Amino acid sequence: MPTIVLVDVSLSMARPLPPTDGGEEYQRQNLANHGITTLLDYIATHSRLEFTALAVYSSLWELIVPFTRDYNELKNGLLKLDVFDKTRLDVALQEVRSTVLEEWSPITPCQLVLVTDGRSGIGPGSFRHLFDNPKGSKEKSLPIPFPFPCKIQVMLICSQSEALQTNALGLSQKLIDINGGGGNVHIPEGPLGLKSVQQMFLKLAESTYAPFYGTLSCGHLKSDIQLAPAPEGFNVKHDFETITRTVSPEIEVCGFIDVSDICSPPTISRHLVLPVTTKDSNGKNKEEDEVEDGKAPSFCVLLHGSLKVENMCAIVNVGSDWYGILYSWADSKKKSNLMLGLVQPGDESISWLGKFSNLAPCTDFDSHPYGEDDTKTPFPVRPAEKRSYAQNSVVWVRASGLQADIQKVLRQARKLPDKQQAFYKELNRLRKAALIIGFYELLEGVAAMLERECTLLPGTAHPDAALQLTHATKQLRLSVERDVTHNITPLQTNFTNEND
């Protein structure tokens with residue numbers, strides 16, 4: 001994910017550290033530069049595809065290096081940093097917001113690494129002023145939460161005793177909580193110095209930018225791969241449970257499907273799938289003496305070429321009850337990449353495919369699901385029951401709506417047996433709605449009304465009318481004991497065939 005390194009260059013960052021015996025005197029700005037260099041070295045080695053930008057702030061903001069993958073340029077930008085006046089965090093956050101929205105889409109997750117000495121500043125625009133203001137003015141001044149997913153990592157260049165005196169830990173955590181995207185507050189362990197700051201930045205790098213290595217397999221074919229960016233775990237809290245999933249290093253291809261059938265499923269993240277050359281225990285390539293670079297056989301490359309030519313994608317299992325989609329994605333006419341899209345955990349995360357566990361090879365079916373000449377498709381899979389939004393629902397917000405539905409049933413009942421089909425259709429519609437909301441008294445009331453209609457039938461009425469009304473009354477009273485999906489069917493009599 002894109003990263004912005006935001007460095008505090010206010011006057012307090014020029015404060016020197018307590019002198020040590022025979023040691024060199026350092027300012028806090030020197031420690032910040034050393035820590036950022038450690039972070040950039042780690043990203044360049046392990047996550048070289050990440051885009052990183054460098055910016056500074058005091059009372060104003062300046063973008064030193066825009067988003068780039070050239071980490072030498074970022075290190076050279078650190079050499080240009082100078083010290084300015086007071087801290088104005090609100091200006092910096094507003095510019096971060098504008099820069100990210102201008103460069104990336106609002107759905108792109110970003111990382112903000114805020115490097116500061118923890119001093120809250122003085123006057124308008126300071127940490128304490130923004131948080132102590134009333135709610136209305138605070139929301140107007142502070143440009144967070146960001147309109148895009150963003151984790152804020154606060155790197156404090158101060159000792160633990162200084163952080164307690166200035167309440168830097170509390171204010172920084174409050175900033176992360178208001179943004180709501182997650183993040184952490186980091187502080188050096190032990191005495192403040194080059195080594196402790198370096199360890200702090202290295203700990204952040206290892207927890208946030210560590211590469212993800214795994215194995216992609218399909219039957220007996222295997223390939224070592226790297227996913228970039230590294231996938232994060234899935235953690236969602238529901239009313240009665242918390243769903244937690246992690247991507248397994250063993251990614252297995254379950255099967256293949258046409259791109260036209262899977263269309264564009266909703267994904268929670270997308271990752272580049274890169275082949276990794278097999279290495280032995282000494283870190284040397286086993287094949288470097290035998291095969292030239294770029295010509296080593298790789299199942300990952302073979303799979304990518306096959307999916308691209310056949311216009312298909314692969315369904316892969318990435319964890320316990322968690323699936324993903326492998327497909328070829330092209331950012332230009334000449335260059336394409338193998339991508340992994342992770343869908344929501346679950347067996348039915350792509351509704352039009354049905355359950356993943358029910359998918360099987362075409363040879364398992366009696367007749368070819370795509371037809372002999374590939375002119376049909378088995379997708380989308382039709383649900384066993386109609387969705388609530390796919391049919392006319394019964395809504396009784398007012399008494400007039402309920403009264404109209406009862407009158408419709410009685411109106412059809414008086415026209416039996418001519419309106420027999422319409423009568424049972426309206427009766428089942430009323431019965432199902434009453435059972436769903438637990439309105440059992442309505443069923444008894446309608447049954448009593450149908451009994452009364454049966455006694456009021458004229459002598460010239462068809463004999464089948466009385467039989468159908470008596471049958472419907474009995475079935476209504478038995479409805480409470482039956483399933484909501486059960487429908488009342490017409491009574492088969494000697495008069496039914498005559499009416500048909």
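**Figure 1. Pro380 and Pro229, two loop prolines with cis peptide bonds before them.** Pro380 is found in the loop between strand S15 (336-342) and helix H11 (399-413); helices (H or I, at least four residues) and strands (E, at least two) are DSSP runs, numbered from the N terminus. The peptide bond that leads from Phe379 to Pro380 is cis, with omega near 0°. The model is a predicted one, in which local features need pLDDT of at least 70 and side-chain atom pairs count only at pLDDT 80 or more, while totals for chains, interfaces and linings use all residues. Residues are numbered from 1 along each chain as its sequence is written, and side-chain values use heavy atoms, with hydrogens and water left out. Another cis peptide bond joins Ala228 and Pro229, with omega at about -5°, and Pro229 has its place in the loop between S8 and S9.

**Figure 2. Asn311 and Asp321, two residues with positive phi.** Asn311 has a positive phi of about 55°, although it is not a glycine, and its place is in the loop between helix H10 (299-310) and strand S13 (312-319). Asp321, likewise a residue other than glycine, has a positive phi near 55°. Asp321 lies in the loop between S13 and strand S14 (322-330), and at 34% relative accessibility it counts as partly exposed; here buried means under 20% relative accessible area, exposed over 50%, and partly exposed in between (1.4 Å probe, protein chains only).

**Figure 3. The salt bridge between Glu162 and Arg28.** The side chains of these two residues, Glu162 and Arg28, meet at 2.9 Å from N to O, a salt bridge being a side-chain nitrogen of Lys or Arg within 4 Å of a carboxyl oxygen of Asp or Glu. Glu162 lies in helix H6 (residues 160-166) and Arg28 in helix H1 (residues 28-46), so the pair ties together parts of the protein that are 134 residues apart in sequence. Both partners count as buried, since Glu162 has a relative accessible area of 19% and Arg28 one of 4%. The two also belong to a network of salt bridges, in which Arg15, Arg28, Asp117 and Glu162 are linked.

**Figure 4. Two further salt bridges, Lys151 with Glu232 and Glu444 with Arg477.** In the pair formed by Lys151 and Glu232, the closest N and O atoms are 3.5 Å apart. Lys151 belongs to strand S5 (residues 150-156) and Glu232 to the loop between strand S8 (221-228) and strand S9 (234-237), and the pair thereby links parts of the chain that are 81 residues apart. Lys151 is partly exposed at 28% relative accessibility, and Glu232 is partly exposed at 42%. The side chains of Glu444 and Arg477 come together at 3.2 Å, N to O, and this pair links helix H13 (residues 440-455) with helix H14 (residues 463-477), its members being 33 residues apart. Glu444 is partly exposed at 41% relative accessibility, as is Arg477 with a relative accessible area of 36%. The structure as a whole holds 12 salt bridges.

**Figure 5. The crossing of helices H1 and H8.** The axes of H1 and helix H8 (residues 194-208) come within 8 Å and cross at roughly 35°; axes are lines fitted to C-alpha atoms, for helices over the stretch in contact, and angles run from 0 to 180 degrees between N-to-C directions. The crossing is right-handed, meaning that the near helix is turned clockwise from the far one by less than a right angle, whereas an anticlockwise turn would be left-handed. Among the residues in contact (heavy atoms within 4.5 Å) are Leu31, Ile36 and Tyr42 in H1 and Val197, Phe201 and Glu206 in H8. The residues of this contact divide into 10 nonpolar, four polar and one charged, where Ala, Val, Leu, Ile, Met, Phe, Trp, Tyr, Cys and Pro count as nonpolar, Asp, Glu, Lys and Arg as charged, and the others, Gly among them, as polar.

**Figure 6. The surroundings of Asn428 in helix H12.** Asn428 has its place in helix H12 (residues 420-437), and at 11% relative accessibility it counts as buried. The side chain of Asn428 reaches the backbone oxygen of Tyr424 at 2.9 Å. Leaving aside neighbours within four places in sequence, Asn428 is in contact with Asn487 and Ile488.

Technical notes:
Polar contact = N/O pair within 3.5 Å; in protein donor to acceptor, adjacent residues only side chain to side chain.
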